[in-house]
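Colleague: Got a minute to walk me through this one? I'd like the overall picture, then a few residues.
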Amino acid sequence: MELPWNVVVVTGVPGVGKTTLCRRVSEDLGYNYVNYGDLMLEIAKSEDLASTDSEMFSLDIDTQQKIWKGASLKIKDMNCVLVDLHGVDQSPIGYILSLPIEIISPDIIVVIESSKDNILQRRHKDTKERIIDTINSLNEHMNILRTSMAVCSAILGCNLIVLENDNLEDCFLKLKNLLGTGSLL
């Protein structure tokens, strides 16, 4: 089956369900799935820089940037790839754009959103160490992500779509249809 998009970027705040959706869609449609954070950690481990996410994100910003760039260069030449990343990451000093648009040029950016209550409930069940959000800080993060991805889409001239994930199965079917046929219909 020929897929309509060669490079797909799926973004969303932590806990929105993007990794679950990306893995399922990639498996069903045959996209090469890449979790950007996992790839970064793999690079950090291979260079004996860090063995956990927490250690990696405690490294100095220049070292993190080197790891981030190394991950993007590995993805750059891949075909039929679905990249799972936050798009915008929170840090103690503010927000950092984590979509490397100077290296990776997606055909489509998909922003996964959900109600703030659903996201906070998912995070509560998750064992991953995450930044503690309030409804207000989560709302700010989601707004910055949506705006940032719209700007990236405009700069790159690529497609952008926002999908609601208040029902995992419904969102999965919409994402699978979009990435399999090029349409939500």
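**Surface first, then the fold**

Modeller: Sure, surface first: the accessible surface of the protein is about 9700 Å², with 51% of that belonging to carbon and sulfur atoms. Those areas are Shrake-Rupley values with a 1.4 Å probe, and for residues only the protein chains shown count as cover.

Colleague: And what kind of model is it?

Modeller: It's a predicted model, where local features need pLDDT of at least 70 and side-chain atom pairs count only at pLDDT 80 or more, while totals for chains, interfaces and linings use all residues. Numbering starts from 1 along each chain as its sequence is written, and side-chain values use heavy atoms, with hydrogens and water left out.

Colleague: OK, how many helices and strands?

Modeller: There are 7 helices and 7 strands, in the order β-α-β-α-α-α-β-β-β-β-α-α-β-α from the N terminus. They're DSSP runs numbered from the N terminus: H or I with at least four residues for helices, E with at least two for strands.

Colleague: Why call it as compact as a globular protein of that length?

Modeller: Because its radius of gyration is 16 Å, close to the 16 Å from the globule rule for 185 residues. The radius is over C-alpha atoms, and the rule is 2.2 Å times the number of residues to the power 0.38.

Colleague: How much of it is buried?

Modeller: Buried residues are 44% of the 185. Buried is under 20% relative accessible area, exposed over 50%, partly exposed in between (1.4 Å probe, protein chains only).

Colleague: Switching to serine 153, where does it sit?

Modeller: Serine 153 is in helix H6, residues 135–156. With 9% relative accessibility, serine 153 counts as buried.

Colleague: What does serine 153 touch?

Modeller: Leaving out residues up to four places away in sequence, serine 153 touches Ile109, Cys158, Asn159 and Leu160; a contact means heavy atoms within 4.5 Å. Leucine 163 is 10 residues from serine 153 in sequence, and their C-alpha atoms are 15 Å apart.

Colleague: New topic: aspartate 48, buried or exposed?

Modeller: Aspartate 48 counts as exposed, at 71% relative accessibility. It's in the loop between helix H2 (36–46) and helix H3 (53–56).

Colleague: What about the phi of aspartate 48?

Modeller: Phi of aspartate 48 is near 50 degrees, which is positive in a residue other than glycine. Most residues other than glycine have a negative phi.

Colleague: And where is cysteine 80?

Modeller: Cysteine 80 is in the loop between helix H4 (61–76) and strand E3 (81–84). Its phi is near 50 degrees, a positive value in a non-glycine residue.
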